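Here's a short tour for anyone meeting this structure for the first time. Have the picture open as you read.

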Amino acid sequence: MRILEQFLGWLKRRSKISLVSGVSLAVLLAGLIGFLSPVGMSHMPFYLVPILAATWSISRRAGVLFAIITTTVWSTVELMQHLPKEPNLITCWNAMGRLGVSLVVVYLLSAIKTVNEGLERSIDKRTAELAAEIAERQRVEGLLRGNEEIFRQLTATIRKVFWMRSPDRSQLIYVSPAYETIWGRTCDSIYASPKSWLEAIHPEDRDGVLKAT
């Protein structure tokens, strides 16, 4: 599967002139193989390869054109071989059948190619959107880190104690470094026990301080 994907990717990078030349050469090679092979031997795989290559790598119109060319070459090779007891009418009938099958293959492969290209466009679009989202997130995170650094520098120079708590007042989110100087306790201690700062308040003043905070 990976080899097929690499081959298809290689085809996409070729110019149309080189693709048309390569497919034309493949048709002639298939005709040569058919002419040199034993009479009555089936060569459909050799003739389908150029049709498939033209449809997938060039366009549906190119696939239709090479289906006609390939069918013509195939029928010409059979006529040159002079198959015994086979009138020209049967050869024409076989040619029409082969052309019909080839055209069906062309349109089916073209439909698959259209779906595949649509999926690739969707993937590319989503990839671009994700890249933009990641870039925006990185930009916002950079701004947040910058604001956080400014906040830390600001709070480190303020000599007063202030803190931030969660909306339900159950968790201490931040306390300024001045707490250690004024309270004589570490910041880690108040993070571990948010109400430990009350121990430094006179028992008679604790109720008033709690109401004030």
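## Before we start

A residue is called buried at under 20% relative accessible area, exposed at over 50%, and partly exposed in between. With that in hand, take E129: its relative accessibility is 32%, so E129 counts as partly exposed. Keep in mind that this is a predicted model.

## Charged partners on helix α5

Side chains of opposite charge can pair when their charged atoms come close. How many salt bridges does the count come to here? The answer is three.

Let's begin with R126, which forms a salt bridge with E129, with the closest N and O atoms 3.2 Å apart. Both residues sit in helix α5, which covers residues 88–157. They are three residues apart there, or about one turn of the helix. R126 has a second partner too: its side chain meets that of E133 in a salt bridge, at 3.8 Å from N to O. Put these together and you get a network of salt bridges linking R126, E129 and E133. R126 has a relative accessible area of 40%, so it is partly exposed. E133 lands in the partly exposed class as well, because its relative accessibility is 42%.

Then there's the pairing of R139 with E136, whose side chains meet in a salt bridge at 2.6 Å, N to O. These two are also in helix α5, and because they are three residues apart, about one helical turn separates them. Buried or exposed, or something in between: where does R139 fall? At a relative accessible area of 46%, R139 is partly exposed. E136 is partly exposed too, with 37% relative accessibility.

## Nonpolar cores

Now for the buried side of things. The largest nonpolar core has seven residues: L19, V23, V27, A54, I58, A62 and F66. Helices α2 and α4 (60–81) each supply at least two residues of this core. Which helix gives the most to it? That's α2, with three residues.

A54 is a handy member to zoom in on. If you set aside its neighbours within four places in sequence, A54 is in contact with V23, S59, A62, G63 and F66. Apart from this core lies another one, made of five residues, including L172, V175, Y179 and I190.

## A stacked pair of rings

The count of aromatic pairs comes to one. It's made by Y47 and W74: their ring centres are 4.6 Å apart and their planes are at 10°, so the pair is stacked. The pair links distant parts of the chain, with Y47 in helix α3 (residues 44–57) and W74 in helix α4, 27 residues apart. Both Y47 and W74 are buried.

## A nonpolar patch on the surface

Not every nonpolar side chain here belongs to a core. L29, L32, F35, L36 and M80 make a nonpolar surface patch of about 510 Å². Which helix gives the largest share of the patch? It's helix α2 (residues 16–36), which contributes four residues.

L29 is found in helix α2. Its relative accessibility is 49%, so L29 counts as partly exposed. That value falls between the two cut-offs, because a residue has to be over 50% to be called exposed. So helix α2 turns up twice in this tour: it gives the most to the seven-residue core, and the largest share of the nonpolar patch comes from it as well.

Technical notes. Residues numbered from 1 in each chain as written. Predicted model: local features only at pLDDT ≥ 70, side-chain atom pairs only at ≥ 80, totals over all residues. Heavy atoms only, no water. Patch = residues over 30% accessible without salt bridge, like charges linked within 9 Å, V, L, I, M, F, W, Y side chains within 5 Å. Areas by Shrake-Rupley, 256 points an atom, 1.4 Å probe, with all protein chains shown as cover. Salt bridge = Lys/Arg side-chain N within 4 Å of Asp/Glu carboxyl O. Buried < 20%, exposed > 50% of the residue type's maximum accessible area, 1.4 Å probe, protein only. Core = buried A, V, L, I, M, F, W, Y, C linked by side-chain atoms within 4.5 Å. Contact = heavy atoms within 4.5 Å. Phe/Tyr/Trp six-rings, centres within 6.5 Å; stacked < 30°, edge-to-face > 60°.
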